[in-house]
Structure formats: structure tokens, C-alpha cells
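Me: I'd like to learn how to read a protein fold, and helix crossings puzzle me most. Can we start there?

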Amino acid sequence: MNSSPFTSLQTERLLLRRLAEGDLEPFLAYVNDPLVARYQSWESYTEPQAREVIEKQKTSEPGVPGQWFTFAVELKEARSLIGHVALSVREEDHRQAEVGFTFSRIYQGKGLASEAATAVLDYAFKSMELHRVIAITDCENERSIALLERLRMRREGHFVENIWFKGRWGSEYLYAVLRGEWLGRRAL
């Protein structure tokens, strides 16, 4: 496993980096958009809460068991934060992790989340040498489902009314991909 501190990842259109002070305004804008937050664990963020997240992420490292690391996603062309991809290594098994993503509504549907998630999965399997990465999504979240299937993650579970979520029972899908599967596809 790579033990050097995280700096950044780059794709054709994106820079994935740590959250920074200058991200406060765009971060607050997208996390407080009701349509973006609809399937997330939060309803909204206050400015102090957002500042706390940004401050904590400045010194966090990917791969700390039980903690989420947020990869800030910056559109190179605009030099601004457009969303984030988060990764959490499981506390009970350091070879497995969960990935999630949140993007500003105006940047959805352009392949940017797929590009960012691909970069994070490459990092997870190549640099962190993880064995397995999962993603959990609400069964009604069509965009998330489509993204996970574009990433060629396998739907392994369908949990019916397994979570009390925002005032009602929700159902979820669990997706997963193994290191060997991911690296084998990326080598083609």
C-alpha cells in the first residue's frame, strides 16, 4: 500500500485534490441543493458545518480505516469545485472500501462523475491495493444506478425497506467490484 501523503489525481478534464478554503461557496451550493441532497445522508449544511468538513479534510489521508476521505473534484477548464468522490476503508477489513459521489446538478449528465469515480477506483486498486470496493445507492436513484453500471460494478444485493431514511423506509442496491476485475478491464 502506498504510504505517501495524497496530493492529487488528474484526468483529461478533472483535477481531484483535497478540499480547500476556496471551495466553501461551491461546496455549500451543491450540498444544499435539495435535488442533490435527496439521496444523501444530509438535508443541508450550515456554513460552520461545511467549514468543519473542509478543515478536517485538509489533514485527512485516504485509507484511514473507518474514516471518509473526500476527493474534491475540480473542473480544470473552470478551475472550480464541481463535486466530490468519497472513499471509506472499512474499519474491520482494511482491504475493502465504500465509494460514494456527489456532484453539482449543473455538472451532472456530462460524464464527469464517471471520470472522477474511475480515477478514484484506479487509485484505490493501484495505489492503495484494495481488494474490493462497494457502493450503496437508493433504488430510486436512477443517475447513481446508471453511473455504477457504467463503471461496470456488479449489483450484488437488493435490500428491501432496509433503512429508515428521511421519514420513510427506503430500499437500496449494493454494487461491488474486485481489484482483479477492475485492473483486468483497465488493461484492455
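Reply: Sure! Here's the idea: a crossing counts as left-handed if the near helix is turned anticlockwise from the far one by less than a right angle, and right-handed if clockwise. Keep in mind that what you're looking at is a predicted model.

Me: OK, so which handedness does the crossing of α1 and α3 have?

Reply: Right-handed. The two axes come within 10 Å and cross at roughly 115°.

Me: And which residues meet where α1 and α3 touch?

Reply: From α1 you get L24, F27 and L28, and from α3 there are E47, A50, R51, V53 and I54. Sort the residues of that contact by type and you find six nonpolar, two charged and no polar ones.

Me: How do I read the sides of a helix like α3?

Reply: General idea: an α-helix has 3.6 residues a turn, so residues three or four places apart point the same way. Now try it on α3, which runs over residues 47–59: A50, I54 and Q57 are buried there. These three lie on the same side of α3 because they cover an arc of only 70° around the axis.

Me: What sits on the face turned away from that buried side?

Reply: Exposed residues: P48, E52, K56 and T59. As for the buried ones, their cover includes α1 (24–31) and β3 (68–75).

Me: Now the sheet. What's the order of its strands?

Reply: With a sheet, you walk across it strand by strand. Here you'd go β1-β2-β3-β4-β5-β6-β8-β7, eight strands in an open sheet with mixed pairing. β1 (8–10) and β7 are at the edges with a single partner strand each, so one side of each has no neighbour in the sheet. From one strand to the next, the twist averages 25°.

Me: Does a helix pack on it, and if so, which strands does it touch?

Reply: Look at α4 (residues 112–126): it packs on the sheet and touches β1, β2, β3, β4, β5, β6 and β8. The direction of α4 makes about 50° with that of β2.

Me: How do I read a strand pair, say β7 and β8?

Reply: Check the sense, then count the bridges. β7 (residues 154–165) and β8 (residues 168–178) are antiparallel, with eight bridges. In that pair, R155 stands opposite Y175 in β8. The two strands form a hairpin with two residues between them, and K166 in the turn has a positive phi of about 55°.

Me: How many bridges join β2 and β3?

Reply: Four, again in the antiparallel sense. There, L14 stands opposite L75 in β3.

Definitions and conventions: Residues numbered from 1 in each chain as written. Predicted model: local features only at pLDDT ≥ 70, side-chain atom pairs only at ≥ 80, totals over all residues. Heavy atoms only, no water. Pairing = 2+ DSSP bridges. Buried < 20%, exposed > 50% of the residue type's maximum accessible area, 1.4 Å probe, protein only. Arc of directions from axis to C-beta. Contact = heavy atoms within 4.5 Å. Axes fitted to C-alpha atoms, helices over the stretch in contact; angles between N-to-C directions. Nonpolar A, V, L, I, M, F, W, Y, C, P; charged D, E, K, R; others polar.
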